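Here are my notes, in numbered points, for you to go through alongside the model. Shout if anything looks odd on your screen.

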Amino acid sequence: MTQFDFDQPIERRGTSSMKWDALSSRYKMDPENSIAMWVADMEFRAPSCVRERLQGMIDHGVFGYYGDDSGYRASIVNWMDRRHGWAVDPANIYTTHGVVHGLSMCLQAFTDPGDGIIVFSPAYHMFAGIIRSNQRDLIESPLAERQDGRYEMDLDTLEGQLTGKEKMVFFCSPHNPGGRVWERSEIEALAKFCEKHDLILVSDEIHHDLIMPGHKHHITATVAPDIAHKLVTLSSASKTFNLAGGHVGQAVITDENLRAKFDKVKTADAVGPNSFGVVVTQAAYELGEEWLEALLVYLDENRKLFDATIAGISGAKSMPLEATYLSWADFRNCDHDRDEVIRRVEKEAGIATNYGATFGEGGEGRLRFNIACPRAQLEEAMDRVKAAFA
Ligand SMILES: Cc1ncc(COP(=O)(O)O)c(C=O)c1O
């Protein structure tokens with residue numbers, strides 16, 4: 001037991017939580033008896049340092065436009081330096097309305113409608129969504145599954161598929177939904193590939209702090225400094241500290257030419273900081289480290305329980321979770337077809353998950369479970385899964 005209470009159940013029904021509201025509206029499940037294990041936010045309160053800083057803001061009571069953000073920038077610079085050995089120039093940080101917004105800004109700043117955008121699929125479903133809604137072409141490069149059950153990029157096959165219209169890569173590092181922490185050599189190879197084929201590399205590192213014990217995340221910018229003229233790093237404190245509703249993310253861009261283009265989109269989009277999101281980000285990065293360390297230990301225990309449960313279902317397996325709290329379970333070789341698996345998980349176990357197919361090619365037959373919840377809730381969910389497949 002640490003000073004941080006991740007075991008405490010927190011009722012989120014009736015709080016306008018997307019994850020819990022959707023149980024009836026989207027999944028047609030009875031919210032009272034169901035467990036939401038889909039959207040990527042956690043069932044834990046943000047650290048007390050965040051809540052206290054926000055309380056200070058509430059007590060002050062004047063919610064005007066945000067101005068000097070030097071403290072916020074410094075908190076990001078210090079965090080990245082301390083946790084990732086990444087030296088960020090505060091002047092190169094852009095504040096976006098979240099990481100998906102940053103992805104969209106990159107598309108608008110550096111590509112044109114009809115350009116090809118490469119995604120290693122299966123990938124976080126909003127990659128495809130934001131590419132298509134910006135009228136760019138989605139180019140899927142399926143990840144291969146290694147002998148050890150982990151994903152790897154297949155750059156040789158991708159090279160053979162290039163047509164010349166490809167302008168950008170959306171790289172998810174660590175990977176959602178596969179939970180992979182990419183090795184240095186893999187990131188280096190991707191950077192070289194982007195250099196060779198004149199592709200802008202957008203590295204979405206929103207899960208950069210949710211790294212399971214024994215693994216080390218490498219920030220693309222530190223591994224491949226030579227590609228700085230083609231690189232945008234997107235990140236946020238939102239996944240790490242459960243602040244997604246604050247809708248604040250960062251784009252770090254070192255290259256002057258890229259910055260000039262990004263600036264134009266920022267002006268056209270009238271992007272200004274949301275003071276609440278900025279304040280919680282700064283508090284978390286300044287004071288949240290101990291909480292994060294305890295969280296990672298807790299999540300690792302949840303991971304073990306989840307993996308053991310899935311391993312107990314004949315033919316099913318889960319991908320080794322090296323990062324994130326999103327477990328990727330493979331039901332393709334179990335005794336039931338896709339519809340029957342979903343029926344058992346939803347109707348018998350009463351659990352809402354993300355369907356594998358929504359992550360693109362290679363996702364069919366899998367489900368993504370969000371395991372960031374109190375242990376007792378996970379135990380209840382796992383008991384139900386066991387019973388549904390017994
Ligand atoms: C890889 C990845 N990028 C971006 C997001 C969402 O970012 P935001 O809420 O800041 O737009 C998620 C959420 O799960 C994600 O997994």
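1. Ile 93 sits opposite Val 252 of strand 10. That pair belongs to the antiparallel match between strand 2 and strand 10 (residues 249-252), held by 4 bridges. For pairing, DSSP has to find at least two bridges between the strands; strands (E, at least two residues) and helices (H or I, at least four) are DSSP runs, numbered from the N terminus.

2. Before going on, some bookkeeping: this is a predicted model, with local features needing pLDDT of at least 70 and side-chain atom pairs pLDDT 80 or more, while totals for chains, interfaces and linings use all residues. Residues are numbered from 1 along each chain as its sequence is written, and side-chain values use heavy atoms, leaving out hydrogens and water.

3. Strand 2 (residues 93-96) is covered on both faces: Ile 93 and Thr 95 on one side, Tyr 94 and Thr 96 on the other, are all buried (under 20% relative accessible area, 1.4 Å probe, protein chains only).

4. Zooming out, strand 2 is part of an open 7-stranded sheet with mixed pairing, ordered 2-10-9-8-7-3-4. Strand 2 and strand 4 (137-142) each have a single partner strand, so one side of each lacks a neighbour in the sheet. Ignoring direction, neighbouring strands are turned by 25 degrees against each other on average. Within this sheet, strand 7 (residues 166-172) and strand 8 (residues 200-204) run parallel over 5 bridges, with Phe 170 partnered by Val 202.

5. Helix 10 (residues 256-268) lies across strands 2, 8, 9 and 10, at about 25 degrees to strand 2. Axes are lines fitted to C-alpha atoms, for helices over the stretch in contact (heavy atoms within 4.5 Å), and angles run from 0 to 180 degrees between N-to-C directions.

6. Which atoms make polar contacts with the ligand? A polar side-chain atom of Asp 204 is 2.6 Å from a ligand nitrogen, and one of His 207 is 2.8 Å from a ligand oxygen. From the backbone, an N or O atom of Val 100 is 3.0 Å from a ligand oxygen. The cut-off for such a pair of N or O atoms is 3.5 Å. The protein covers 91% of the 400 Å² of accessible area that the ligand has on its own (Shrake-Rupley, 1.4 Å probe).

7. The second sheet is open too: 4 strands, antiparallel, in the order 11-12-15-14. Strand 12 (residues 326-330) and strand 15 (residues 366-370) share 5 bridges, and Ser 327 faces Phe 369 there. Helix 13 (residues 338-348) packs on this sheet, touching strand 14 and strand 15.

Key:
Polar contact = N/O pair within 3.5 Å; in protein donor to acceptor, adjacent residues only side chain to side chain. Buried < 20%, exposed > 50% of the residue type's maximum accessible area, 1.4 Å probe, protein only.
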